[in-house]
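Colleague: Please take a close look at the aromatic residues in this model. I would like one connected account of how they are arranged.

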Amino acid sequence: MEKILFVINPISGGNEKEDCKATVEKWWQQHQLNGQWMETTGEGDLERINTLIQEEKPETVVACGGDGTVNLVARALLGTPVNMGILPLGSANGLATELCIPGNVPKALDVLLEGQPLPLDGLLINGKHHAFHLADAGYNARLVQEFESGDQRGQLGYARSFLRVARNRPLAKFKIRTDQKTFSRRSVMATFANARRYGTGAIVNPDGRTDDGQFELCLFLPWPRWYLVWMSVLFFIGQIDKSRYVKIIPCRTLQLEADRPMPLQVDGELVGEARSISVEVLKDKVQVLRPAED
């Protein structure tokens, strides 16, 4: 019997998980699989996953939650032959959307049986933070910061945070050194993109790939306030690279120095503020199950 470890975040997406767990357990019994649960608590989760992998030797570890849970499981599986599956149970599920994994639980479970294990790049940021989706400094990270510090959740809370940041957007002068060039730019945001789109659907890196051994630095130069609506349109039609206020640069390594501290988020999690940011592509990859191509 194939062993599968399901790592579930019981509070992701703000929903109870008992119905989902019942669906998963019925599925693994139907397919005669040896399933096991591990609930995250926010303390020592990575070590607990590593211990279970060593003791139980599962063929697949499934991240059941949002991008934070996916990031946690991916870190545990970097450079191992163990496959990673994803059940998207978070609020945005950015990486699952990028990999075309269905939001419907039964259909996502089908991917665990029928999907293809394909490599997923990882990024190392400031020598300690791992990103598998998107990280950024500036505008979007400030938005995450505003939203987390507010007392209103959901779409209305997000909209209020968006308007506050739009009125007082961060701006800094970046000194940038990549493996190809060195230059300076005044920017509102620098995105370090292993993928193409945010969980909201906004496409920040139209030609990006998650398995090409590089990432893209997406620089957003200061735009006129009247341009914000058109900028939003370009995001959602996948043509942000056509904007005169956006520069997209392929990289394998990056060193960025800002003239002031900027908020930094990694895979949807705010990790503080930084003036100096380093990014590099990791040699090891994660084998993630994606829908089979026709």
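Modeller: This is a predicted model, and a good place to start is a charge beside a ring: Lys21 lies over the face of Trp37, with 5.2 Å to the ring centre. Trp37 belongs to one aromatic cluster together with Phe6, Trp27 and Trp28. In total, the count comes to eight aromatic pairs. In one of them, the ring centres of Phe6 and Trp27 are 6.4 Å apart and the planes stand at 85 degrees, so this pair is edge-to-face; the cut-off for that class is over 60 degrees. Phe6 is in strand S1 (residues 3-8) and Trp27 is in helix H1 (residues 18-30), so the pair ties together parts that are 21 residues apart in sequence. Phe6 has 0% relative accessibility and therefore counts as buried. Trp27, at 6% relative accessibility, counts as buried too.

Another aromatic pair is made by Trp226 and Tyr227. The distance here is 5.6 Å centre to centre, and with 85 degrees between the planes the pair is edge-to-face. Its two members differ in exposure: Trp226 counts as exposed because its relative accessibility is 64%, whereas Tyr227 is buried, with a relative accessible area of 7%. The cut-offs behind these words are under 20% for buried and over 50% for exposed.

One further ring has a charge over it. Lys181 lies over the face of Phe183, and the distance to the ring centre is 5.9 Å. That value fits the rule, which asks for a charge within 6 Å of the ring centre.

Conventions. Residues numbered from 1 in each chain as written. Predicted model: local features only at pLDDT ≥ 70, side-chain atom pairs only at ≥ 80, totals over all residues. Heavy atoms only, no water. Phe/Tyr/Trp six-rings, centres within 6.5 Å; stacked < 30°, edge-to-face > 60°. Helix = DSSP H or I, 4+ residues; strand = E, 2+ residues; numbered from the N terminus. Buried < 20%, exposed > 50% of the residue type's maximum accessible area, 1.4 Å probe, protein only. Lys NZ or Arg CZ within 6 Å of the ring centre and 35° of its normal.
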